[in-house]
Amino acid sequence: MKKKLLAAILASTMVLGLTACGGQAAAPAAAPAAEAAPAEEAPAEEAKEEEAPAEEAPAEEATEEAAEPAAASGELINVGFAQVGHESDWRTASTKSCQDVFSEANGYNLSFVDCDNDSAAQLEAVRSFIEQDVDYIIIDPIVSTGWDTVLTECEDAGIPVIVIDRTIDDSDKYVSWVGSDFLTEGKAAGEWLKAYAAKQGISEINYLIIQGTTGSSAQIGRTDGFREIAKAEGWNELDAQTGDFTEAGGQEVMESFCKSYAGKFNVVICENDNEAFGAMTAMDNAGVKYGPGNDVILISYDACTAGLKEVQAGKITADFECNPLAAPTVEKVIQTLQSGGTPEAQILVPDNWYALKDQIVDFSVDGNKQSMTEVTDAVIEAQY
Ligand code: AHR
């Protein structure tokens, strides 16, 4: 029963994916930038409501089996969540959001596995969920490849998989993906820097990148997006090394950069806030002055509360959000499946771009005009 229902779901989500991608194979891993909601056109709150149509999706693909939902009335729905780890403030917020949403009070029994950034452990976690015969599996993939075999096992077991945050690039055997557009985040950082450098009269950019976990879609998208602008502008990339999305990693890489490139760099891009915190410690220790009005422009991603505080303190010059609060949308996907409907194949969570007033400049991404949010006490208070 479960298997036939899953086959119907996968077939119908593939049809939706093909439609959404203009006739090309469904590619949720790399949602074309044109499909991404530009920050200014999708104010966070409105977009959050708009882009969660899952629960309203017509149950057009409902099958006979759908009359028997995974959990009968009154029973808890069993959900397994293979989480990346606990490397960052972002991750902590993502975990909390999932645990809050998939609580017993809300009708769920959540099996949560912190995979500690270990891809083998993550595959093992998914297989343990298959053994437990959970009703749904949520995966935040540490890296974007190596998934087809285990997702085939999920399919054979008739368990729908929902991918959250990072994408899977080598398999389409999942029902929905819910997350941010990392490529657009990277391009936004590049386009902002272009406009900001022009305003400041900075003619030469020599930049360093502290990358996220190698092979994660968050690292790939942000690096590729930024490099696309850098290449077009003729900026000079001095080096790029991974800090694994951790504060310790960011500090270690920046310590080595400070030694190798002393006096040679004027931009540091950290692919998340925790790396930026580590890089700040390293630059402080090396006597490098960074932030608005200083020698080095520090760019970061995530825009967690602690990151925005560093923007306010004049340390991080601009911070490009990655919204970790996808769990409510994932729940809507599950409820759609429970009622025999077909959720959307790709659901983008909107992001905003943050800076202090003087660092806010006009820029576009792929022709879409962006707007930035000024960091204030109220904005920090409202952030994750
Ligand atoms: O996949 C999202 C990224 O992973 C966030 O930017 C980072 O903080 C986390 O570790």
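**View 1. Phe 320 stands opposite Trp 353, a residue of strand E12.** The model shown here and in the views that follow is predicted. Strand E10 covers residues 318-321 and strand E12 covers residues 353-355. The two strands run antiparallel and are joined by 2 bridges. In general, the strands of a sheet pair through backbone hydrogen bonds, in either a parallel or an antiparallel way.

**View 2. E10 and E12 belong to an open sheet of 7 strands.** The order of the strands is E7-E6-E8-E9-E10-E12-E15, and the pairing is mixed. At the edges are strand E7, residues 236-242, and strand E15, residues 372-374. Each of these edge strands pairs on one side only. With direction ignored, neighbouring strands of this sheet are turned by 20° against each other on average.

**View 3. Helices H6 and H8 pack on the 7-stranded sheet.** Helix H6, made of residues 182-200, touches strand E8 (267-270), strand E9 (297-302), E10, E12 and E15. The direction of H6 makes about 155° with that of E9. Helix H8 is formed by residues 247-260 and touches strand E6 (206-211), E7 and E8. Between the directions of H8 and E6 the angle is about 150°. Strand E8 is thus touched by H6 and also by H8.

**View 4. Another open sheet has 6 strands, with parallel pairing.** Its strand order is E2-E1-E3-E4-E5-E11. The edge strands, each pairing on one side only, are strand E2 (108-114) and strand E11 (346-348). From one strand to the next, the twist averages 20°.

**View 5. Strands E4 and E5 pair in the parallel sense.** E4 spans residues 161-164, and E5 spans residues 176-179. The pairing extends over 3 bridges. Val 163 stands opposite Trp 177 in E5.

**View 6. Helices H3 and H4 meet strands of the 6-stranded sheet.** Helix H3, residues 89-101, lies across strand E1 (77-83), E2 and E4. H3 runs at about 160° to E2. Helix H4, residues 119-132, packs on the sheet and touches E1, E2 and strand E3 (136-139). The direction of H4 makes about 170° with that of E1.

**View 7. A shell of residues surrounds the ligand.** The residues around the ligand are Glu 87, Ser 88, Trp 90, Arg 91, Asp 165, Arg 166, Ala 218, Arg 222, Phe 245, Asn 272 and Asp 302. By class, 6 of the shell residues are charged, 3 are nonpolar and 2 are polar. Helix H3 and helix H7 (217-233) each supply at least two residues of this shell.

**View 8. Side chains of Ser 88, Arg 166 and Asn 272 approach oxygen atoms of the ligand.** A polar side-chain atom of Ser 88 lies 3.1 Å from a ligand oxygen atom. For Arg 166, an N or O atom of the side chain is 2.8 Å from an oxygen atom of the ligand. The corresponding distance for Asn 272 is 2.9 Å. On its own the ligand has 280 Å² of accessible area, and the protein covers 100% of that area.

Key. Residues numbered from 1 in each chain as written. Predicted model: local features only at pLDDT ≥ 70, side-chain atom pairs only at ≥ 80, totals over all residues. Heavy atoms only, no water. Pairing = 2+ DSSP bridges. Helix = DSSP H or I, 4+ residues; strand = E, 2+ residues; numbered from the N terminus. Axes fitted to C-alpha atoms, helices over the stretch in contact; angles between N-to-C directions. Contact = heavy atoms within 4.5 Å. Near = heavy atom within 4 Å. Polar contact = N/O pair within 3.5 Å; in protein donor to acceptor, adjacent residues only side chain to side chain. Areas by Shrake-Rupley, 256 points an atom, 1.4 Å probe, with all protein chains shown as cover. Nonpolar A, V, L, I, M, F, W, Y, C, P; charged D, E, K, R; others polar.
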